[in-house]
Amino acid sequence: MPDPFIDDRASETVAEAGPGMQPRGFDRRDIPGESAFDHTADELTEFGVTARSQTRLVLRRFFRHRAAMVSLVILILMVAAAFLAPHYYKFSYLEQTNSFSSPPSTTHWFGTDTIGIDTYASVMQGATKSIEIGLLVAIFSTLIGVFVGALTGFYRGLVDAGLMRMTDLFLIMPDIAVLAVVANRFRNQSGNWFMIALVITLFAWMYQARLTRAEFLSLRERDYVLAARALGASDRRIIGRHLLPNALGSIIVNATLTVSAAIITEATLSFLGFGITPPDISLGKMVSDGADTASTRWWLFYLPGLFLIVMLLCINFIGDGLRDAFDPTQDRLRA
Amino acid sequence: MTGETLLEVENLVVDFRTPDGLVHAVRGVDLTIVNGETVGIVGESGSGKSVTMLAVMGLLGRTATATGSVKLDGEELLGLKQKEMRTHRGSRLGMVFQDPMSSLNPVHKVGVQIAEAKRAHSDVSRAEAKEEAIRLLDVVGIPDAARRADQYPHEFSGGMRQRAMIAMAIVNNPSLLIADEPTTALDVTIQAQVLETLQRVKQEFGTSIALITHDLGVIARMVDRVIVMYAGEAVEMGTVDEIFTQPRHPYTMGLLASLPRIDRRGDKLTPIAGAPPSMLKPPSGCAFHPRCSRAQERCSVEPARLRDIGLGNHRSACLFAEQLAEVTQ
């Protein structure tokens, strides 16, 4: 990882000079010399100011990333709305009401479907399952991917050749086709969403593996790894204490993006009719069911779809913000 | 203890497999280090000085093969399994590297890294290890050690990082500390401080030091004995006085002549002509003969090994070492 001392300064100039320019007008920090001075006073512990740890530097940069912060707030609200729906909303997604195909109203926020089930309750339940699947896939594929990537990147040679060819094999398989076939086996079992998550994981871990391998290949040549060896550190210790913490940034960013990728894959499967089965609901299934009547009963199609899209956008923006926070050297000018 | 042989390297040969062929990095080096002494190893880049010491540490990597013998306190290290070698590294052998800016892990606190090195070899509690880390940071001259131990490497200056590296290398009280160009990446004033720190470590713990450098100034100031290496071989060996005042090898003489002198104003520096040889195909005979102004015909044929030249422990590989005496008078 590059010297955080320098990183911090780079991000500070961009963060301050970018969006802040017009509204705040002339700022003391806009003078390069001045901002450098500020910075030094911040960091130099000799002057009695506590310097920041790496975690705090990353967090601070993340909190300054506007798109990511807005997305984080929206996502938290959406997740809370989804998981808490049974506690504050008077209809359940299992309950048939007497109003059929009614458009959104103050009683039925997102309207109802042809058999009188409340759409809002269904969307919230669907989002809950999407998030659960997304998180499960992210956790499992990160565990598998980091394990494979760490072994191949660290040991190289035969281990690398063997495991990476296996990874390539999974990468070139047409995942949706294979997923549909495999998912079809669990089609009519209730509570099959957990199996669906495992099946999606089967085709999601390779990206994490490749990324971790690339990070490890570069990190293993650092001097502190040689220094650790000279101190008698074992391979396991070097991987766990020296390489993994330094690769953590990329791993976290990729795990975040895996969440949204998994949600999309699940929605695709459900849209095609191979996803999770009733009584579980999926946003993809709702979009699929609503597609036929999108022109007459638009709320059945657009509202679940919109919810899905906003959720995915938020997750990706957060991933973006995390990437910038962990690696400010790749900083681009952002709007 | 002082005066007993600590490290004995015999006929060490190290080859690296590369796409271009076998690189003969070290070609039969013999050297000994006794308890409590500081030995300087000088030579230009690629002369095999670092590789020799990495071989002692068992840190050569898998493209290298090392043969010969490396004995620490009489125990053969060459050919040990990595797992066995690991118990010696950091406990009996410590090493400090050239670039202090990248030798510390940026994500862990300095004190924690030193404490971990301690705990890797000694059965002590976290708190005891931490205390030891602070004590050593103090020994190597880090002011306000207790507070500094809780800081991250990026909050340390280059000189302080190198001193922290020294603290880490000596935390288990090794009998031999290998310092691989410890001052090359530092500016001159900081160099002096780091060298002082090494001196203090030696006095306080009686650690033997193998100092790899190409800086003859550092050698003159720090070491008891000098080993001059060229093209993977030791070409001259002797005390600092012997090497500096009566060199018996043209390469050493060239090195000394190429130094700027404060008492000779305005003169151009005298470089050694030519470039270091490719170690894919080292020159025959005496490896230095293509660059040597005194080379004779037999220099390109007869192998030149370090030998007794009738001056006690002062040894040279030059075939004409005895005749060089009048030149240096």
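User: In this predicted model, when does a residue count as buried, and which residues of α5(A) are buried?

Analyst: A residue is buried if 20 or more other C-beta atoms lie within 10 Å of its own, with C-beta atoms placed from the backbone. What covers the buried residues of α5(A) includes α4 (54-63), α6 and α14 (298-326) of chain A. By that cut-off, the buried residues in α5(A) are A:Ala68, A:Ser71, A:Ala82 and A:Ala85.

User: Where does helix α5 of chain A bend?

Analyst: Helix α5 of chain A spans residues 66-88 and bends by about 45°, with a proline, A:Pro86, following within four residues of the bend. The residue at which α5(A) bends is one of its buried residues, namely A:Ala82.

User: How is α6(A) oriented to α9(A)?

Analyst: The axes of α6 (residues 119-155) and α9 (residues 193-202) of chain A come within 9 Å and cross at roughly 40°. Angles under 35 degrees would count as roughly parallel and those from 65 to 115 as roughly perpendicular, so this crossing falls under neither heading. The orientation of α6(A) to α9(A) is therefore oblique.

User: Which residues of α9(A) make the contact with α6(A)?

Analyst: The residues of this contact divide into eight nonpolar, two polar and one charged. From α6(A) come A:Lys129, A:Ile133, A:Leu136, A:Val137, A:Phe140 and A:Ser141. From α9(A) come A:Trp193, A:Ile196, A:Ala197, A:Ile200 and A:Thr201.

User: Which helix supplies the largest share of the side of chain B that touches chain A?

Analyst: Chain B brings 25 residues to the contact and chain A brings 22 residues. On the side of chain B, α2 (82-88), α3 (100-103), α4 (110-121) and α7 (158-169) each supply at least two residues. The largest share, three residues, comes from α4(B).

Terms used
Residues numbered from 1 in each chain as written. Chains lettered and ligands numbered in written order. Predicted model: local features only at pLDDT ≥ 70, side-chain atom pairs only at ≥ 80, totals over all residues. Axes fitted to C-alpha atoms, helices over the stretch in contact; angles between N-to-C directions. Parallel < 35°, antiparallel > 145°, perpendicular 65-115°, else oblique. Contact = placed C-beta atoms within 7 Å. Nonpolar A, V, L, I, M, F, W, Y, C, P; charged D, E, K, R; others polar. Bend = angle between axes of the 7 residues up to and from the residue. Buried ≥ 20, exposed ≤ 12 C-beta atoms within 10 Å, placed from the backbone.
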